[in-house]
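Trainee: Hi! Could you walk me through this structure? I'm new to this, so plain words please.

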Amino acid sequence: MVVGIGLLTSLLIYLSYLNNTPTFSLIVLAIICLLYLHNKFKRQRQQALNPIFFYVISSFIMGVSNIIGISSIDSPDEHNYFIYAIKENINEATLIACLGVIFVVIGYELNVRNYNYSYRTSLWKFPSSNSHGNSSIFFFYGSCIVIISRVFNTLPQFIGAFEALIFMLPPAGIFYLSRLSVITSKNKYLRLALILLVMESTRALMFDYLRTHFIVPGLAYFLGYVYAKPKMNKLFTIKLLPVYGVFMLFIVYFTVFGESRSTLGQGSDRISQLQEIDNEMVDKENTLFMRFSNFNQLTNVVEVVKLDGFYYGETLNYLAFAFIPRIIWPEKPLIQMGAWFAQKIGRGYVDEEGRARNAINMTPAGELYMNFGITGVIFGSIIIGYIISIFWSSVNITEAPHNISGNLFGFYLFFLGLFSFGANLSILVTVTAMYIASHVLALLLKLFVK
């Protein structure tokens, strides 16, 4: 049923594209996203809360943000949204964005057998031997060590995916402990989750460059609580007030931090600098919706294709070496497609040593279009959705809620869904590496943690 509705929706969006009405396409996408979310949550509750569910939420926000942005054309607010967008490419960019979302969902649903979300194709599941006592100790103290080590720059330099896995430990720990508090009805686990939430959010605010790092701990706390008991009335419990406070602070400082982060210091100096800058920017519009829109990037993807033609896989040459472990090839080139794209459209910055200092995401759909056109967007998005469903089949946190590696990798997939499955197609390489690293961790835990 979902596949059929998706195909009909894509046809409607294509007709809208032919009539040059991108806003109508985005409205259709937003409505379909809401209907999908309502239907899945109503029928399946916990089984519905998977990476594709959160991907559809992020896609709905993207659609609304694009509607707001497009409606600002020729208005005083236009400069808040059209940072580097090319207006004449809006229609094509909207088609790419909408079809990308629809066919990722179709690809995921093609691997779902029934309403209980069993999968036709699945991977080796993470083991379920950990008790909640061992898991809570590992997540809390392990997260504290990682947070403190990152503050004082004493964390050892891990190789490849293992470093990303270590960085994912604090938010995954918050997710697990928040969820555990509901499963066991013990508030002590919620207090541990709150301690980690405060520690990691403070660290990100004072030391990190990316704004999303500040909001991720709050999202982890929220997702863990809701995943354990997916009921609408639970969204209004007093236990979620700290998260809503973090969300409000994120909205307040979003523009301020984005405008000045390249010149800010670190630690306590950053807080005082942000307060001073906030007082100077009281009249500046908040750009949160602009951050969730993607027509700036996609209109430039369309422009690159107009100038260069389709790349026919040229931007995917990193696949030839991406799966070679860095421990075997320490000098393996970095995959920096965002930096390449920023340079390509004339918005890249390099330092004195020639190193890229910024990146602009093409989006997976955008990179598919750049290489293979609309046909590539359709079939490539189906493949992406199908692959994500295969990886999710391994997580095993519903049947075995205390398995450490499953919670780490599962939260990572939630995280990807909330942020539209990455900045470009290299995310498939990263997901595969994280899956392997998580299984290695599971093996080590089985050997050393009884």
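**Helices, contacts and odd loops**

Mentor: Sure. Keep in mind that this is a predicted model. To begin with one contact, L298, V301, V302, V304 and V305 in α14 meet G366, Y369 and M370 in α16.

Trainee: What kinds of residues are in the contact of α14 with α16, by class?

Mentor: There are seven nonpolar residues, one polar and no charged ones.

Trainee: And at what angle do the axes of α14 and α16 cross?

Mentor: The axes of α14 (residues 295-308) and α16 (residues 364-392) cross at roughly 10 degrees and come within 9 Å. That makes α14 roughly parallel to α16, because angles under 35 degrees count that way.

Trainee: Okay, zooming out. How many helices and strands does the chain have?

Mentor: It has 18 helices and zero strands. Of the 450 residues in the chain, 52% are buried. Also, take the contacts between residues at least 6 apart in sequence: 73% of them join residues at least 24 apart.

Trainee: Now α17. Is it mostly covered or uncovered?

Mentor: Mostly covered: 14 of the 15 residues in α17 are buried. The helix runs over residues 404-418 and reaches 21 Å from its first C-alpha to its last, close to the 21 Å expected at 1.5 Å a residue.

Trainee: What happens at the start of α17?

Mentor: There, a side-chain oxygen of N403 reaches to within 2.5 Å of the backbone nitrogen of G406. Just after α17 comes S420, which takes a positive phi of about 60 degrees.

Trainee: How do α8 and α17 cross?

Mentor: The axes of α8 (residues 169-184) and α17 come within 9 Å and cross at roughly 100 degrees. So α8 is roughly perpendicular to α17. On the α8 side, L169, P171, A172, F175, Y176 and R179 make the contact, and on the α17 side N407, L408, F411 and F414 do. By class that is eight nonpolar, one polar and one charged.

Trainee: Different topic: S389. Where is it found, and is it buried or exposed?

Mentor: S389 is in helix α16. It counts as buried because its relative accessible area is 0%, and the cut-off is under 20%.

Trainee: What does S389 touch?

Mentor: Leaving out residues up to four places away in sequence, S389 touches Y108, N111 and Y119. A polar atom of its side chain also lies 2.6 Å from the backbone oxygen of Y386.

Trainee: And α15, which of its residues are buried?

Mentor: In α15 (residues 337-344), those are M337, G338, A339, F341 and A342. What covers them includes α14 and α16. After α15 comes G346, with a positive phi near 80 degrees.

Trainee: Which residues other than glycine have a positive phi, say around N20 or Y312?

Mentor: Both of those do. N20 has a positive phi of about 55 degrees, and it sits in the loop between α1 and α2. For Y312, phi is near 50 degrees, and its loop is the one between α14 and α15.

Trainee: Are those two buried or exposed?

Mentor: N20 is exposed, with a relative accessible area of 54%. Y312 is exposed too, at 61%.

Methods: Residues are numbered from 1 along each chain as its sequence is written. This is a predicted model: local features need pLDDT of at least 70, side-chain atom pairs count only at pLDDT 80 or more; totals for chains, interfaces and linings use all residues. Side-chain values use heavy atoms; hydrogens and water are left out. Axes are lines fitted to C-alpha atoms, for helices over the stretch in contact, and angles run from 0 to 180 degrees between N-to-C directions. Helices (H or I, at least four residues) and strands (E, at least two) are DSSP runs, numbered from the N terminus. Angles under 35 degrees count as roughly parallel, over 145 as roughly antiparallel, 65 to 115 as roughly perpendicular and the rest as oblique. Contact means heavy atoms within 4.5 Å. Ala, Val, Leu, Ile, Met, Phe, Trp, Tyr, Cys and Pro count as nonpolar, Asp, Glu, Lys and Arg as charged, and the others, Gly among them, as polar. The expected span of a helix is 1.5 Å times one less than its number of residues. Buried means under 20% relative accessible area, exposed over 50%, partly exposed in between (1.4 Å probe, protein chains only). A polar contact is a pair of N or O atoms within 3.5 Å; within protein, one must be able to donate a hydrogen and the other to accept it, and residues adjacent in sequence count only if both atoms are side-chain atoms.
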